[in-house]
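Here's a quick briefing to read with the structure open beside you. Have a look at the ligand site and at how the helices pack.

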Amino acid sequence: MKILVATEKPFAPAAVDSIREVFTEAGYELRLLEKYPSRDDLLAAVADVDALIVRSDKIDGGVMSAAPNLKIVVRAGAGYDNINLADATSHGIVVENTPGQNANAVAELVIGMMVYMARGKFNGKPGTELKGKKLGLHAYGNVPRNLARIAQGFGMEVFAADPFISAEDIEKDGVTSLDNYEAMYEMCDYVSLHLPLVDSTRRLINYRLLRTMKPGATLLNSARAEVVCEEGIKMMLAERPDFKFASDISSGISAELVERFPANVYFTPKKMGAQTKEANVNSGKAAATQIVGFFTEGDTTFKVN
Ligand code: 3PG
C-alpha cells in the first residue's frame with residue numbers, strides 16, 4: 001500500500017515519526033508532501049496512492065480523479081468541510097476524520113485567547129479576570145467539553161447550547177444546558193464557537209445575534225471563519241467599543257479589522273488551535289491506525305460519507 005501524508009501545514013516531526021511507525025509495522029510505504037506550493041504538486045503526488053492523510057487541505061473531485069487508486073482519505077482532525085463528501089462517495093472513496101484527537105489543544109488555545117483579551121492584549125493596564133465570568137459554548141462537541149473542564153478550573157460558570165446533545169449529557173459535566181443559543185449570547189461574558197461548517201451554520205453568527213451580546217462581551221472563534229458574518233462583526237466593532245473578537249481563523253477582512261480596531265480584535269497569525277505536538281501525534285497516529293484498520297479489517301468506524 002502507498003500512503004500519502006499531504007499537509008500544507010505540516011505535522012510536528014514527532015507526529016510524522018508516529019505515523020511512520022504505524023505504516024512500517026503494517027508494511028506500507030509512506031510518502032510525505034509538506035508545505036506544497038501549488039495544487040499541481042498535490043495532483044501529481046496522489047497519482048498512485050491508495051490512501052491519503054490530510055489536515056485542512058482541500059480535497060475535491062479534481063484531486064480524487066487524479067488518484068485512481070485512492071480508497072480512503074482521513075482528515076487528521078475534526079472538521080471535514082475541506083473534503084467534498086459527495087465527490088468522494090461518487091468516486092467510491094471512504095472519508096474519515098479523527099474526532100477528539102486534537103480537542104484539548106484547541107480548548108487550551110481558546111483559554112489563551114480569553115486571557116489575552118481579558119488583559120487588554122497584555123497592554124500593561126488593569127484588565128479583568130475569568131473567575132466568576134459566564135462562558136457560553138455554541139455547540140457541545142469534543143472541543144467545548146475540554147474547554148468547559150478547563151474554564152471550570154478558572155472558576156467560570158459554563159453554559160452550552162447544542163440541539164444535537166441532550167441536556168442530561170451536557171449537565172453531567174456541570175455545564176448549564178440552554179434550549180436556545182440566542183439566550184446564551186445575551187447572558188454570557190464570553191461566547192465560544194464550536195459549530196461545524198455546514199449549510200445551516202454558514203454566517204449563522206450575524207449582526208442581529210451579535211448586537212444582543214452583553215456589554216463588554218467577547219466572541220471567540222476557533223471553529224471556521226465562515227460561520228461568522230464578517231459584516232456583522234465589522235458593524236459591531238464600529239458601534240460597540242466594548243465588544244471584542246478573537247479568532248483562530250483569518251478571513252478577507254481580518255487585516256482591516258485589526259487596523260481599525262486594534263484593541264478589540266485579535267487573529268492568530270495562522271490557524272493554530274490544533275498546532276501542538278501532542279495533538280499532531282494523537283490525530284496523525286489515529287489517522288494511520290484507522291487506515292491500517294480499513295485495509296486489514298474493513299473497519300469504517302469513523303466514516304463520515
Ligand atoms: C480541526 O477541524 O480538527 C481543526 O480545525 C484543526 O485543523 P488543522 O488540522 O488545519 O490545524
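What follows covers the ligand's surroundings and then two helix pairs.

Keep in mind that this is a predicted model. In short, the protein covers most of the ligand's own accessible area, at 94%, and charged residues make up 5 of the shell around it.

**Around the ligand**

- The residues sitting around the ligand are Lys9, Arg55, Ser56, Arg75, Gly77, Ala78, Gly79, Asn102, Arg224, Lys271 and Ala274.
- Sorted by class, that shell comes to 5 charged, 4 polar and 2 nonpolar residues.

**Polar side chains and ligand oxygens**

- Lys271 puts a polar side-chain atom 2.8 Å from an oxygen atom of the ligand.
- For Arg55, a polar side-chain atom lies 2.9 Å from a ligand oxygen atom.
- Asn102 joins in too, with an N or O atom of its side chain 3.0 Å from an oxygen atom of the ligand.
- On its own the ligand has 320 Å² of accessible area, and the protein covers 94% of that.

**Helices H5 and H6**

- H5 spans residues 103–118 and H6 spans residues 142–153; the two pack with their axes 8 Å apart.
- The angle between H5 and H6 is about 50 degrees, so this pair counts as oblique.
- The crossing of H5 past H6 is right-handed.

**Helices H1 and H12**

- H1 (residues 13–26) packs with H12 (residues 277–297), and their axes are 7 Å apart.
- Here the angle is about 20 degrees; angles under 35 degrees count as roughly parallel, so H1 and H12 are roughly parallel to each other.
- H1 passes H12 with a right-handed crossing.

Terms used. Residues numbered from 1 in each chain as written. Predicted model: local features only at pLDDT ≥ 70, side-chain atom pairs only at ≥ 80, totals over all residues. Heavy atoms only, no water. Near = heavy atom within 4 Å. Polar contact = N/O pair within 3.5 Å; in protein donor to acceptor, adjacent residues only side chain to side chain. Areas by Shrake-Rupley, 256 points an atom, 1.4 Å probe, with all protein chains shown as cover. Nonpolar A, V, L, I, M, F, W, Y, C, P; charged D, E, K, R; others polar. Axes fitted to C-alpha atoms, helices over the stretch in contact; angles between N-to-C directions. Helix = DSSP H or I, 4+ residues; strand = E, 2+ residues; numbered from the N terminus. Parallel < 35°, antiparallel > 145°, perpendicular 65-115°, else oblique. Left-handed = near helix turned anticlockwise from the far one by under 90°.
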